[in-house]
Amino acid sequence: MEILPPRDDSRDLLALDVVRDPYDDPGFELRARDGHIHPHQDERFEVLSGKARFLIGDRIVDLGPGGTGVVPRGTLHNWMAMDGKPVRVTAYFEPALDIDAWFVNFHKHIALADLDLVQAAVISREFERGAPMPVEPPAFVWNLAAKMLAPLGRLFGYSAC
């Protein structure tokens, strides 16, 4: 996944261009347990190129260029590229909160292959106003774990950035 620089400097609304490559597993399916929620933000997707499949709540929606999907705050969602080709999407977050910093740092650590549970906790606590919540474990379990793990991680040299 590639996160491009924000297109809007307003902190009330943030637009991020995201390029998502297809999953290596051709049989990959979107599952609720792999999704996430934004507890304090509404999100809207606009497909710029390629095709994407979205899981929004309990619905599956396929969208091509020009198609949009709306995800109210607190709604489970996930998405993937279709047809074995990358998809480019603009994701709009309202309010912006810390979602841009969270995305950049979380995906940087994925690219470095050093994202573990402790690193994820440190990032989530550093940018908690915009951090999405996993579906599994439940948000209250993740919040409790992150509150305990992040200070320990910082003691051992972990940082969000």
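**Helices, rings and buried residues**

Tutor: H2 and H3 are roughly perpendicular to each other. The model here is a predicted one.

Student: Why are H2 and H3 called roughly perpendicular?

Tutor: Helix H2 (residues 117-126) and helix H3 (residues 139-155) pack at an angle of about 100°. The term roughly perpendicular covers 65 to 115 degrees, and the pair H2 and H3 therefore earns it. Their axes are 7 Å apart.

Student: Which residues of H2 and H3 meet?

Tutor: On the H2 side, they include Leu117, Val118, Ala121 and Arg125. On the H3 side, Trp142, Ala146, Leu149 and Arg154 are among them. The residues of this contact of H2 with H3 divide into nine nonpolar, two polar and four charged.

Student: What makes H1 and H2 roughly antiparallel?

Tutor: The axes of H1 and H2 cross at roughly 170°. Angles over 145 degrees count as roughly antiparallel, and the name therefore applies to H1 and H2. These axes come within 10 Å. From H1, the contact is made by Trp102, Asn105, Phe106 and His109; from H2, by Gln119, Ala120, Ile123 and Ser124. By class, the contact of H1 with H2 has four nonpolar, four polar and no charged residues.

Student: Which residues of H2 are buried, and what covers them?

Tutor: Gln119, Ala120, Ala121, Val122, Ile123 and Ser124 are the buried ones in H2. Their cover includes helix H1 (99-111) and H3.

Student: What is found at the start of H2?

Tutor: There, a side-chain oxygen of Asp116 reaches to within 3.2 Å of the backbone nitrogen of Val118.

Student: Why are Trp102 and Phe106 called a stacked pair?

Tutor: The ring centres of Trp102 and Phe106 are 4.5 Å apart, with 15° between the planes. Rings pair if their centres lie within 6.5 Å, and planes under 30 degrees apart count as stacked. Trp102 and Phe106 meet both conditions and form a stacked aromatic pair. Both residues are buried. Being four residues apart in helix H1, they are separated by about one helical turn. Phe93, Trp102, Phe103 and Phe106 form one aromatic cluster.

Student: How do you know that His38 is buried?

Tutor: His38 has a relative accessible area of 2%. Buried means under 20%, so His38 is in that class. His38 lies in the loop between strand E3 (36-37) and strand E4 (42-49).

Student: What makes the side chains of His38 and Glu43 a polar contact?

Tutor: The distance between them is 3.0 Å, and a polar contact needs a suitable pair of N or O atoms within 3.5 Å. Leaving out residues up to four places away in sequence, His38 also touches Arg73, Gly74, His77 and Phe93, among others.

Student: Is His109 buried or exposed?

Tutor: His109 counts as buried at 5% relative accessibility, given the limit of 20%. His109 is found in helix H1. A polar atom of the His109 side chain lies 3.5 Å from the backbone oxygen of Ala160. Beyond four places away in sequence, residues touched by His109 include Asp114, Leu115 and Ser159.

Student: Why is Gly84 called exposed?

Tutor: Gly84 has a relative accessible area of 61%. Exposed means over 50%, so the word fits Gly84. The place of Gly84 is in the loop between strand E8 (77-81) and strand E9 (87-94). From C-alpha to C-alpha, Gly84 is 8.1 Å from Asp21, with 63 residues separating them in sequence.

How values were computed. Residues numbered from 1 in each chain as written. Predicted model: local features only at pLDDT ≥ 70, side-chain atom pairs only at ≥ 80, totals over all residues. Heavy atoms only, no water. Axes fitted to C-alpha atoms, helices over the stretch in contact; angles between N-to-C directions. Helix = DSSP H or I, 4+ residues; strand = E, 2+ residues; numbered from the N terminus. Parallel < 35°, antiparallel > 145°, perpendicular 65-115°, else oblique. Contact = heavy atoms within 4.5 Å. Nonpolar A, V, L, I, M, F, W, Y, C, P; charged D, E, K, R; others polar. Buried < 20%, exposed > 50% of the residue type's maximum accessible area, 1.4 Å probe, protein only. Polar contact = N/O pair within 3.5 Å; in protein donor to acceptor, adjacent residues only side chain to side chain. Phe/Tyr/Trp six-rings, centres within 6.5 Å; stacked < 30°, edge-to-face > 60°.
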